[in-house]
Amino acid sequence: MRYKLLLRWLACFAVSFLVVYMLGFATGHKLFEGGNVALIEASISLILATVVFHYTEESRANKAKIKELEERIAKLEDKK
């Protein structure tokens with residue numbers, strides 16, 4: 001279970017890192033910036049991945065709760 005969560009978080013991090021990298025490349029930020037740009041991109045991606053992961057996990061949990069409630073309602077309707 002925890003490995004699946006970790007893999008989902010790593011997928012979110014990889015996607016967010018690619019998005020941040022491409023935005024930095026497309027805007028020309030990489031051409032004029034001195035220093036370690038990858039560290040800045042990684043930190044932004046870390047924050048972004050954490051927010052996206054939290055949102056998707058909350059959404060997944062809410063969908064499971066809704067499905068459970070729909071099943072309970074269906075059972076109650078069948079009893080009538």
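Okay, so before anything else, one cut-off: when I say buried, I mean under 20% relative accessible area, and exposed means over 50%, with partly exposed in between. Keep that in your heads, and remember that what's on the screen is a predicted model.

Let's start with Gly-24, which sits in helix H1. Its relative accessible area is 9%, so Gly-24 is buried. If you go looking for Gly-35, that glycine is 11 residues along in sequence from Gly-24, and the two C-alphas are 14 Å apart in space.

Now, the two helices I'd like to talk about. H1 covers residues 2-26 and H3 covers residues 37-79. How do people usually describe a pair like this? Two packed helices are described by the angle between their axes and the distance between the axes. Here, the axes of H1 and H3 come within 7 Å, and they cross at roughly 130°. That's why we call H1 and H3 oblique to each other. As for handedness, H1 passes H3 in a right-handed crossing.

Next, charges. Side chains of opposite charge can pair when their charged atoms come close. How many salt bridges does the structure hold? Two. Let me take them in turn.

One is between Glu-57 and Arg-8, with 3.0 Å between the closest N and O atoms. Glu-57 belongs to H3 and Arg-8 to H1, so this pair ties together parts that are 49 residues apart in sequence. And is Glu-57 buried or exposed? Buried, at 18% relative accessible area. Its partner Arg-8 is partly exposed, at 25%.

The other one joins Arg-60 to Glu-57, and there the closest N and O atoms are 4.0 Å apart. This one stays inside H3: the two residues are three apart in that helix, so about one helical turn separates Arg-60 from Glu-57. Arg-60 is partly exposed, with a relative accessible area of 45%.

You'll have spotted that Glu-57 turns up in both the pair with Arg-8 and the pair with Arg-60. Put together, Arg-8, Glu-57 and Arg-60 are linked in a network of salt bridges.

Okay, on to the greasy side of things. Which residues form a nonpolar patch on the surface? That would be Leu-6, Leu-7 and Leu-10, and together they have about 290 Å² of accessible area. Leu-10 is in H1, and at 41% relative accessibility it counts as partly exposed.

Last stop, Leu-39, which is over in H3. This leucine is exposed, with a relative accessible area of 56%. From Leu-39 to Ile-73 you move 34 residues in sequence, and the C-alpha to C-alpha separation is 51 Å.

So, to recap: an oblique pair of helices, H1 and H3, a salt-bridge network through Arg-8, Glu-57 and Arg-60, and a nonpolar surface patch of Leu-6, Leu-7 and Leu-10. That's it from me, thanks.

Notes. Residues are numbered from 1 along each chain as its sequence is written. This is a predicted model: local features need pLDDT of at least 70, side-chain atom pairs count only at pLDDT 80 or more; totals for chains, interfaces and linings use all residues. Side-chain values use heavy atoms; hydrogens and water are left out. A salt bridge is a side-chain nitrogen of Lys or Arg within 4 Å of a carboxyl oxygen of Asp or Glu. Helices (H or I, at least four residues) and strands (E, at least two) are DSSP runs, numbered from the N terminus. Buried means under 20% relative accessible area, exposed over 50%, partly exposed in between (1.4 Å probe, protein chains only). Patches are made of residues with over 30% relative accessible area and no salt bridge: like charges are joined within 9 Å, nonpolar side chains (Val, Leu, Ile, Met, Phe, Trp, Tyr) within 5 Å. Accessible areas come from the Shrake-Rupley method with a 1.4 Å probe; for residues, only the protein chains shown count as cover. Axes are lines fitted to C-alpha atoms, for helices over the stretch in contact, and angles run from 0 to 180 degrees between N-to-C directions. Angles under 35 degrees count as roughly parallel, over 145 as roughly antiparallel, 65 to 115 as roughly perpendicular and the rest as oblique. A crossing is left-handed if the near helix is turned anticlockwise from the far one by less than a right angle, and right-handed if clockwise.
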